[in-house]
Amino acid sequence: MNEIDEIKKILGIPQNVVIVSHRNPDGDAIGSSLALKLFLEKNGHLVNIILPSEFPKTFNFLKSSDTTVIYDLDHEKSQALIDGSSLIFFLDFNSYDRIDKLGELIQKSDVTKVMIDHHLHPEPIVDYVFSNTEASSTCEMIYDFIADLGEEAKIDTYIGECIFTGMITDTGCFKYATNPNTYKVAASLKMKGVDDYHLNDQIFNTMTQKQLRLLGHVLANRMEILPELKTGIVHLTKQDYIDFTIGRGDTEGIVNHILMIDGIKVAAFIREQPTIVKLSLRSKGDISVNKIAADHFKGGGHKNAAGGAAYAKLEDIINRFKEVLPHYINV
Ligand code: 5GP
Ligand code: MN
């Protein structure tokens, strides 16, 4: 029996499902989790989503997003849900370090685990792995997963909106990381009635004044361009976080602006957080920022979009990044 047939058999009886996605959930993490939840509920399963930390308010409009359990805010409920589960899905991540403490609870559970993910190098931590590093997003994979189960007809506009959300957020509105199937899935969703204009408006035209001013500050005062390395670096200090009362999601998308400069192939966004310094890296073409993240900043991701973190001073991390960078680019 192939994997999908085995999953079909498992889903043939009502399950108590827990869906987990990564820390600092993005549109793909929340979108894929909600899409799978809504689909499985239609098939009579009991489904709960547990996320390590809160997701940006932007995604509050997605159906059932208010039912999500946040591990950081409710350890006990998370523990109870995991204890009571019979099946666990890992969506949009492929190693325990992306869900930190929540991972410790899950590792203790011996129920069947299924991973659906599009990041490089999935770790052998589950019973069934659906990994497609060519997929634009985990959301795109969720569409195919449901279709492969023979249940495409169950994808309604609510599920479709969730799937479309992850596809547009992970591809920057179909600007990168696409493949022919991405457009096939997008077309199917549009035919099913997903209003993509409205969806784009809800997701991208809902910045707060504060967020736009923060973007202005970062670009005007915190940007360094290294022309010889075709690289741009922006950073935020702890004091910036205080001065601009930066909250969760407020810095989303800033790094992508650097790649809008003609000739720039690598962008780094380095931010000083209470205990760690976090990096978001982006690149164009053959430059593998996931290698830089994995080799030097305990991170990973995709070839052109990766991230990592380090316990050190902001200044030291910026310098470390500048030092290692030449080894990864052919300028
Ligand atoms: P972002 O910069 O938007 O936070 O993340 C970009 C990509 O890098 C995402 O695909 C994300 O999964 C990955 N990523 C970000 N931070 C980390 C990290 O600390 N560890 C790993 N393994 N991947 C990361
Ligand atoms: Mn993703």
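Start at ligand 1 in this predicted model. Around ligand 1 sit 13 residues, and the nearest are Arg 98, His 119, Lys 278, Ser 280 and Arg 282.

Look at three of these residues in turn. Ser 280 has a side-chain N or O atom 2.6 Å from an oxygen atom of ligand 1. For Arg 282, the distance from a side-chain N or O atom to an oxygen atom of ligand 1 is 2.8 Å. Arg 98 places a polar side-chain atom 3.0 Å from an oxygen atom of the ligand. How much of ligand 1 does the protein bury? On its own, ligand 1 exposes 490 Å², and the protein buries 81% of that.

Now step back to the whole chain. Domain 1 covers residues 3-204, and domain 2 covers residues 209-327. Arg 98 and His 119 carry numbers within the range of domain 1. Lys 278, Ser 280 and Arg 282 carry numbers within the range of domain 2. The centres of the two domains, taken over C-alpha atoms, are 27 Å apart. Their contact uses 10 residues from domain 1 and eight residues from domain 2.

Next comes the interface itself. About 700 Å² is buried between domain 1 and domain 2, and carbon and sulfur atoms give 48% of this area. Which three residues of domain 1 supply the most? They are Pro 56, His 119 and Leu 120, with 44% of the area that domain 1 buries against domain 2. His 119 thus appears here as well as among the residues that come nearest to ligand 1.

What holds for charges and polar groups across the interface? There are zero salt bridges between the domains. Two residue pairs are in polar contact. On the side of domain 1 that touches domain 2, three residues are nonpolar, five are polar and two are charged.

Definitions and conventions: Residues are numbered from 1 along each chain as its sequence is written. Chains are lettered from A and ligands numbered from 1 in the order in which they are written. This is a predicted model: local features need pLDDT of at least 70, side-chain atom pairs count only at pLDDT 80 or more; totals for chains, interfaces and linings use all residues. Side-chain values use heavy atoms; hydrogens and water are left out. Domain bounds come from an automatic or database domain assignment. Contact means heavy atoms within 4.5 Å. Buried area is the accessible area (1.4 Å probe) that two parts lose on being put together, summed over both. A salt bridge is a side-chain nitrogen of Lys or Arg within 4 Å of a carboxyl oxygen of Asp or Glu. A polar contact is a pair of N or O atoms within 3.5 Å; within protein, one must be able to donate a hydrogen and the other to accept it, and residues adjacent in sequence count only if both atoms are side-chain atoms. Ala, Val, Leu, Ile, Met, Phe, Trp, Tyr, Cys and Pro count as nonpolar, Asp, Glu, Lys and Arg as charged, and the others, Gly among them, as polar. A residue is near a molecule or strand if one of its heavy atoms lies within 4 Å of it. Accessible areas come from the Shrake-Rupley method with a 1.4 Å probe; for residues, only the protein chains shown count as cover.
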